[in-house]
Structures are given as C-alpha cells and as structure tokens.
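I opened a notebook for a structure I had not looked at before. The entries below follow the order in which I looked things up.

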Amino acid sequence: MAQVELIMPKMGESIMEATILKWLKKEGDRIELDEPIVEIATDKVDSEVPSTDSGVIVKLLYKEGDVVQIGKPFVLIDKGGDAKTSAPQTAAIVSASAHTPTTSATRKVETAVAEEDSNQDDDRFYSPLVMNIARREGISMIELEKISGTGKGSRVTKKDILSYIENRNNQKSAQPVSAPVLEVPVTREIPTAPPAEKQPAPVSASLNGNVEIVEMDRMRKLIAEHMVRSKHTSAHVTSFVEADVTNMVMWREKVKDAFFAREKEKLTFTPLFIECVLKALKDFPMINASVDGDKIIIKKDLNIGMATALPSGNLIVPVIKNADYYNLVGLTKQVNKLAANARANKLTPSDIEGGTFTLSNVGVFGNLMGTPIISQPQLAVLATGAVKKKPVVIETPTGDTIGIRHMMFLSLSYDHRVIDGYAGGSFLRKIADYMEEFEINRGY
C-alpha cells in the first residue's frame, strides 16, 4: 500500500500558517487529483486547497480549528486504495501503526507526531510569523516565553502576540511622567509587588437598557487587527485637494454605452482614476515603496489595490498586478472581474497580495472625502470622494467667469516616516492635474 503525504501549500508572501475551517472529505473517502479537500483561512483570505494526488484518505492529521504550518503534511493518502474496501482497513492501519508500522510513510507520520509532543514538553514552538513579529517589536525570547498562548498545546498565535504588544504599549503610555527627584541612598531595598497589568473593563458590565450584542465575524476581527496595527506602525498624515473632473464625467457619459456594447463591460470611474494614479506614481516613484527597518524599498511593479465593500459590510482589497501594463479596456476588465469575485467570495490568496498602492472610492457611498488607513506595508492610500456639481470660478485669458463644474475631493493618507508634506501634497496635486487634463476627445 503506497502512501503519500499532502503538504499544506504556500498561500502567498508572508503567510506562514493556515487554519482548518472545514474538511470537505473524511477518512476512507476517495479523493481525485485537484479535487478540493479542505477549506482553510489565512490572515489574508479564505480558500479551498485541492489535492495534489489521488487515492483514499487514510488519515486527516488535523481537526477543524487547528492551525497548520505552511509546508507541513496535513493528510495521509493511500494511492492504491479503494474507497469501498480501504475505509475499514484505514482504522485498523492507524490503530495498529503504533505497534507495527507497515510503511515508511506511516512511520514518518508517527515520528512527526512524537517530535511535536516532545517539542511541546521541552521546547515551546513558535511559528515564523510570531518570531518575525517578536523581532520587529524587540521582544526577547525570555519575554516571549511569558506570553500565554491560546493555540493548540498553549502555542502562541499571531493574535496572542499582537494582543500582548497592544497591552504592553498601552501600559507604557499610561505611565505618568514624574518630575526629576534627588536620589537618596538607602541601606536596604524593600521589595514591592509589580504593578498589576491594567485590563480594560468588560463592556458588557456597563451595558444597560435595550441593547444587542453581536459577535464579530472572523473577517471583521482581521480587519480590526490590521487597522490598529497600521496605526501603530505608520505615522499617518492626510492631505486634501479638490479636482475639476468635468472632462472625465462628460467623456464617460459620451462613450459608456458604446463601450458596453463593444466590450460587454460596465465603464465606471474607478479605472479612470487608476489610470491617473499610475501616471502620478511614475512621476513620484518614492510613493510606490515600503519600509523595512531603516531602509526604504522602492517597488518597480505598480500593483494597485482597490478597496471593495462586500455584501456583509466587510472590506477587502484585491490587487491589479502590473496595472500600468493595461490600457483602459484592460483596467476596466480587471476592476470588474476582481470586484465581482470579491463579492462572490471567489478571490484567491494571490488576488489580494503584493499591493504597492491602494485606491478607496468612498464616493460610491455618497461621501465627499475620507481619511483612509494605510494598508501595510504600503506607504500611501488615496480616497476619491463623490462627484458633485458646483459653481466654480473659471480663469480665462480674457477674465474670470462662473461656471457649473463637476468637482471631486481627493484625500491622500501617507506615512510621514518616509513621505514629507511636500512630496505627499505634490503627488496628490499631480493626480488631480491628470484628472483635470483628461482628454475629452480621446478613444479607449
């Protein structure tokens, strides 16, 4: 009986672990090549994992809710088995394997389990993701060992360490700054108990009257975690400009029906905005960057994230990779496809990774402007407001006049650690300039 291990595949950059949400097959079932076997969740997106081999499932190595490290085996398959006959044999094989290992693969699984148990007893395991966060925040191994873990075998999860960091930062900021005092030598020290860690009072204790308590879903918790982390990471500054987008509005109104008839795609303002952003990013390449310690990483690829509202009320940011390679038709197709897949929960991990700059169109909600939060590790995010008709002073060589124009506010939140007000404001003004210079007689 030839047995093989299915390995948890890489789900994208920086993703080191996945949570088992739901098994789509059970032990004894037959699985075919590329047939989905499990639903998983990462800190980016939920997705299905297909089988990389065919055969009968001998053993599911994890339970629903367990966390699996990328690159680790999670299923054992018998390539030569028959689902009708192998199911009862499977239980016998697994129960007997501790005494009489029948194959090298079975021994490999037993060894891995034994090593895991031994590791938990003698040396606590930390995932690469947790270790990276600890290094970034200056947490020593001694301090790391004191963190209570909620994962399997008291393992410290990403949520545990981020919660610890937040509580530690709050505790530090809450300490009062005292005036300098004269140190007086004493003959002995009186030990005092360390101050108890301040815990926020439970909200439920203060709730009175007619209320409803709603548990956050998993995505809402991740969004909350990412937003708070971004604020702790970047020094947010927001600049605003107002752009005259009359030419853009009139051109779209003129061509949208013919565009749909030819391309079978709805032409929205989003690809038009992205086109202007791409031009400005080429003028200001330092905006298309990230920070690594005291180094600035300038990205050569222009990967534009587009914030997309989901029917659940949550938000996700799919990414158009190498967006500057597309013409307006190509951008429109990419925008519409990613938005449709996001709302249908069909995005893959690669669809939401690698973004270098993000656009959030708050105007679709009727908002005039916004102060968006930067998507880490990017340096900036643009919000486009609602387009409104307004009376505007129009300057001409023969004098000023008043006209009705289509106006829109743009707001740019940027990381002041790298982008100063001059660079951020100039970049934002350049986007507005490209919008105002939109050629009304252009093609598509």
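**Entry 1: two helices in contact.** The model is predicted, and I began with a helix pair. Helix H7 (residues 246-263) packs against helix H9 (residues 328-343) at an angle of about 75°, and their axes are 13 Å apart. Since angles of 65 to 115 degrees count as roughly perpendicular, H7 is roughly perpendicular to H9. I then listed the residues that make the contact. H7 supplies Trp251, Phe259, Arg262 and Glu263, while H9 supplies Leu328, Val329, Thr332 and Lys333. I sorted the residues of this contact by type and got 4 nonpolar, 1 polar and 3 charged.

**Entry 2: the chain as a whole.** I stepped back for the totals. The protein chain has 10 helices and 19 strands. It has 444 residues, and 39% of them are buried. I also checked contacts between residues at least 6 apart in sequence: 64% of these join residues at least 24 apart.

**Entry 3: more on H7.** I went back to the helix and picked valine 255, which is found in H7. Is valine 255 buried or exposed? Its relative accessible area is 10%, so I noted valine 255 as buried. Leaving out residues up to four places away in sequence, valine 255 touches Leu267 and Tyr444. Valine 255 and tyrosine 444 are 189 residues apart along the chain, yet their C-alpha atoms are separated by 8.8 Å.

Tyr444 came up again when I looked at rings. Ring pairs link Tyr444 with Trp251, Phe259 and Phe438 into a cluster. Two of these names, Trp251 and Phe259, were already on my list for the contact of H7 with H9. The ring of tryptophan 251 also has the charged end of arginine 442 over it, 5.4 Å from the ring centre. I found a similar entry for arginine 252, which lies over the face of phenylalanine 269 at 4.8 Å from the ring centre.

Just past the helix I checked lysine 264, found in the loop between H7 and H8. Lysine 264 is not a glycine, but has a positive phi of about 55°. With a relative accessible area of 59%, lysine 264 is exposed.

**Entry 4: aromatic pairs.** How many aromatic pairs does the count come to? I noted 7 aromatic pairs. I followed one of them, phenylalanine 284 with phenylalanine 427: the ring centres are 5.9 Å apart and the planes stand at 75°, so this pair is edge-to-face. Phenylalanine 284 lies in the loop between helix H8 (269-283) and strand E10 (289-292), and phenylalanine 427 lies in helix H10 (residues 421-436), so the pair ties together parts that are 143 residues apart in sequence. I looked up accessibility for both partners. Phenylalanine 284 is partly exposed at 22%, whereas phenylalanine 427 is buried at 0%.

**Entry 5: the loop between H8 and E10.** I stayed in this loop for methionine 286, which is also placed there. Methionine 286 is partly exposed, at 38% relative accessible area. Not counting residues up to four places away in sequence, methionine 286 touches Ile296, Ile298, Leu379 and Val418. I also checked methionine 286 against alanine 423: the two are 137 residues apart in sequence, and 8.8 Å separates them in space, C-alpha to C-alpha.

**Entry 6: strand E17 and the loop before it.** I turned to alanine 380, found in strand E17 (residues 380-384). Its relative accessibility is 0%, so alanine 380 counts as buried. Which residues is alanine 380 in contact with, leaving aside neighbours within four places in sequence? I wrote down Ile287, Phe357, Thr358, Ile374, Leu412, Ser413 and Tyr414. The C-alpha atoms of alanine 380 and isoleucine 419 are separated by 8.8 Å, with their positions 39 residues apart along the chain.

In the loop between strand E16 (357-360) and E17 I found proline 377. Glutamine 376 and proline 377 are joined by a cis peptide bond, with omega at about 5°.

**Entry 7: a second positive phi.** My last stop was aspartate 34, in the loop between strand E3 (30-31) and strand E4 (36-41). Aspartate 34 is not a glycine either, and its positive phi is about 70°. At a relative accessible area of 55%, aspartate 34 is exposed.

Notes: Residues numbered from 1 in each chain as written. Predicted model: local features only at pLDDT ≥ 70, side-chain atom pairs only at ≥ 80, totals over all residues. Heavy atoms only, no water. Phe/Tyr/Trp six-rings, centres within 6.5 Å; stacked < 30°, edge-to-face > 60°. Helix = DSSP H or I, 4+ residues; strand = E, 2+ residues; numbered from the N terminus. Buried < 20%, exposed > 50% of the residue type's maximum accessible area, 1.4 Å probe, protein only. Lys NZ or Arg CZ within 6 Å of the ring centre and 35° of its normal. Axes fitted to C-alpha atoms, helices over the stretch in contact; angles between N-to-C directions. Parallel < 35°, antiparallel > 145°, perpendicular 65-115°, else oblique. Contact = heavy atoms within 4.5 Å. Nonpolar A, V, L, I, M, F, W, Y, C, P; charged D, E, K, R; others polar.
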